[in-house]
Amino acid sequence: MNLGSFLLRRLLMAIPMVIGILFVTFMLVRIGSLDPVGLLAGPTATQAEFDMIRRNLGLDEPLWRQFTIYVGNVLQGDLGRSWLSNRAVLTDILERSVASLELLFWGVGLGALIGIPIGLKAAFRPNGTFDQVSRIGSLLGFSIPTYWLGLVMLFVFFYLLRWAPPGMGRMSLMISPPDFITGSYLIDGLLQAEWRAARSAFSHLVLPVICMAIISAAPIIKHTRAIALEVMTSDAVRYARACGLPRRTVRRMVMRNSATPVITFVGTELTGLVGTLSLIEYVFAWGGVGQYGLNAIVRGDFTAVQGYVLALALFSVIVFLVVDVVVHLIEPRAGRA
Amino acid sequence: MSLLKVEGLSTHFISRDIDNRMRVAKALSGVSFALDTGRVLGIIGETGAGKSLTAQSICGLLKPPARIVGGRVTFDGQDLTAMSPEALNRLRGAQIALVVQNPRTSLDPLSRVGDQLVRIHQAHGRHSQAASRKRALEMLAAVGIPDPEGRAKAWPHELSGGMAQRVLIAMALMNGPRLLIADEPTTGLDVTVQAQILDLMRDLVQRFGMAMMIITHDLGVVAHYCDEVAVMFAGTIVESGPVRTIFGAPGHPYTQALIAATPERKRIGGGGAQIGGEPPDLYNLPSGCPVRLRCAHATEVCATTPPERAMAPGHMVRCHHAGALRDRTRGSVA
């Protein structure tokens, strides 16, 4: 199957998935204990005011009507207004998404860059010294609470050592951000040769990205090791050894054959770590979607929660789509499926 | 001098149990045989008898806890058991080539067939890419693959089982080996394809002047394709010799039972015997003859080590009663 028809099929498969997601996000808020009318009306409202707000919000309609209205609005890009910011939720999320994506991709990217080689090296000599050390390291990464790690890093590198800027946003307040190209201050700064802005953006990125990398590297180490070990005991690798292929060739073969499951796993990491991302954003006052969503949940801003969950779900759909395409490209067997 | 000579090869699995007591499984105890160029040796025995382990011990493919604890393997005058892993690695796939079962999963799923052939050629000598490619196509043609050019571009998952086995044989031939070890090469293939593959291998042994060892549990394969046979039981060779002699007059009660138990024998009414009993526990082998617990002819003397008794030139039987049993009705053991 060529890439075009594969992509088309996967996109078609995404449609029912998205409808399901819409239904779940819709129901999530309906069955929750949130009372938007009460929140909006405030404690002193009269019954007449209550009824009016209910009508305005469309909450007097039957549930299925509400759902079709919701789907219709979402398809037109209307996710409702957040009563916290009094702005369209879509605008809020879009504005913040680049900040989150930047942190997530640098963090998990660095985590993969550290985790995959460590996992492979550990697998090449199972139970060797390196394996034992890496096992302890990944166990630490698993067990450290995210917010604690973030706070301790700020305490050490900002408060004690003054190596890092304070955990307050993506850039120093004293520097004006570069013009909008991608939305990433670092990349935009570099593209426009605004070195001061780029430097500031970079120095603000360092701690949260390292934090994210540590949290994401732990499972990547563990899974890469397990995947590589399984490949190493496969018929193909055993036969390659029996053919007297040099060790380097065999190792390269192990790495190549581990690539598909490792890439798939890193993809699931990207989507699975959005919870961790929220906490890190919170600690570093990052102002991303995660922090926005967390705030919305705490404050009961139900349209924002709905939008946040929908955005996360769509993000997962996109990530898995990209992972599938990458796997399709590197895997000769994929064409058969 | 024989191309391959195995003398008293013993391989044990040495591990520790949960109480840290040493546990030793005597998987091979004193295996000896010799193989000359141009000959095909069949190694036959039930599951767990040590057939594949013999092959792995020869090639140095043992993984801990398995270890060679005694004996010598002489290949072309060099002792393989004393060789460094690197030197053995250079020999494997070059002088000694292995053909395994599960050919489809044994090929690298992420490389095209031709590239894998080239890779093994390049791993064992300095050849130009073009020379390796040419050799690969020649070998694909030699194993009877139609359209070698096209097949070289195929991915392993596009091959049928029989085709994949031919590719594996082509890989084995790439570096002009002198010894071919085929470990159940036709298990899992269709019967008609089995015959084609075995015919091909038999033919290649003659054409390229190799020796071949076929590991199988199919007596029919041994009878049709081998010159010599070694019957293994619980890590020892209980009987070995020319195929004709052994099938004509098996000396060991176990061999007799094995031959009597073949479906062909059943059909013509000559026995239809089953070999009763379980294979012995390798952690706790019986003293003396390993077969004695399952042998109807066992006497007290069998509890001591059975002798290597030469029945005829080249025909060895490890049984005290071999001579006496020979003239009786065959296949009535156990």
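**Contacts, strands and helices in a two-chain predicted model**

Setting aside neighbours within four places in sequence, Pro156(B) makes contact with Arg104(B), Leu107(B), Asp108(B), Pro109(B), Val113(B) and Ala164(B). This proline is a convenient place to enter the structure, which is a predicted model. Pro156(B) sits in the loop that runs between helix 6 (148-152) and helix 7 of chain B. Because 23 C-beta neighbours lie inside 10 Å, Pro156(B) counts as buried. Although 45 residues separate Pro156(B) from Ser111(B) along the chain, their C-alpha atoms are 7.6 Å apart.

The loop of Pro156(B) leads on to helix 7 of chain B. Helix 7 covers residues 161-173, and its 13 residues reach 18 Å from the first C-alpha to the last, close to the 18 Å expected at 1.5 Å a residue. Helix 7 of chain B is mostly covered, with eleven of its 13 residues buried. Among these buried residues are Ala164(B), Val167(B), Leu168(B), Ile169(B) and Leu173(B), and the list also includes Gln165(B) and Arg166(B). Ala164(B), then, is a buried residue of helix 7 and also a contact of Pro156(B). The packing partners of the buried residues of helix 7 are strand 6 (96-99), helix 3 (103-106), helix 4 (113-123), helix 5 (129-142), strand 7 (179-183) and helix 8 (191-208) of chain B.

Two of those partners, strand 7 and helix 8, are linked by a loop that holds Glu184(B). Glu184(B) has a positive phi of about 45° although it is not a glycine. Most residues other than glycine have a negative phi, and most peptide bonds are trans. With 19 C-beta neighbours inside 10 Å, Glu184(B) counts as partly exposed, since a residue is called buried from 20 upward. The peptide bond between Pro64(B) and Pro65(B) is cis, with omega about 10°. Pro65(B) belongs to the loop between helix 1 (51-59) and strand 4 (66-75) of chain B.

The next part of chain B to consider is strand 9. Six of the six residues of strand 9 are buried, and the strand is mostly covered. Glu228(B), Ala230(B) and Met232(B) point one way from strand 9, whereas Val229(B), Val231(B) and Phe233(B) point the other way, and all are buried. Strand 9 pairs in the parallel sense with strand 3 (residues 40-45) of chain B over five bridges, and in this neighbourhood Ile44(B) stands opposite Val231(B). With strand 10 of chain B, strand 9 pairs in the antiparallel sense over six bridges. Here Gly241(B), in strand 10, is the bridge partner of Val229(B). Strands 9 and 10 of chain B form a hairpin with two residues between them, and Ala234(B) in the turn has a positive phi of about 50°.

This hairpin also takes part in the meeting of two domains. The domain assignment divides chain B into domain 1 (4-248) and domain 2 (252-334), and the centres of these domains, taken over C-alpha atoms, are 28 Å apart. In all, 21 residues of domain 1 of chain B are in contact with 19 residues of domain 2 of chain B. On the side of domain 1 that touches domain 2, the elements giving two or more residues are strand 2 (22-35), strand 9 (228-233), strand 10 (236-242) and helix 10 (243-248) of chain B. Strand 10 of chain B supplies the largest share of that side, six residues. By residue type, this side of domain 1 divides into eleven nonpolar, six polar and four charged residues.

Chain B also touches chain A. The contact between the chains takes 24 residues from chain B and 17 residues from chain A. Helix 2 (85-91), helix 3 and helix 4 of chain B each provide at least two residues of the side of chain B that touches chain A. That side is made up of 13 nonpolar, seven polar and four charged residues. Helix 3 and helix 4 of chain B were also named above, as packing partners of the buried residues of helix 7.

In chain A, the mean pLDDT is 88, and 98% of the residues reach 70 or more. Confidence in chain A is lowest in helix 2 (residues 36-41), at a mean of 74, and highest in helix 5 (residues 89-124), at 94. Asn127(A) lies in the loop between helix 5 and helix 6 (129-143) of chain A. Asn127(A) is not a glycine, yet has a positive phi of about 65°. Because 9 C-beta neighbours lie inside 10 Å, Asn127(A) counts as exposed.

Definitions and conventions: Residues are numbered from 1 along each chain as its sequence is written. Chains are lettered from A and ligands numbered from 1 in the order in which they are written. This is a predicted model: local features need pLDDT of at least 70, side-chain atom pairs count only at pLDDT 80 or more; totals for chains, interfaces and linings use all residues. Domain bounds come from an automatic or database domain assignment. Two residues are in contact if their C-beta atoms, placed from the backbone, lie within 7 Å. Helices (H or I, at least four residues) and strands (E, at least two) are DSSP runs, numbered from the N terminus. Ala, Val, Leu, Ile, Met, Phe, Trp, Tyr, Cys and Pro count as nonpolar, Asp, Glu, Lys and Arg as charged, and the others, Gly among them, as polar. The expected span of a helix is 1.5 Å times one less than its number of residues. A residue is buried if 20 or more other C-beta atoms lie within 10 Å of its own, exposed if 12 or fewer, and partly exposed in between; C-beta atoms are placed from the backbone. pLDDT is the predictor's confidence in each residue, from 0 to 100. Two strands pair if DSSP finds at least two bridges between them.
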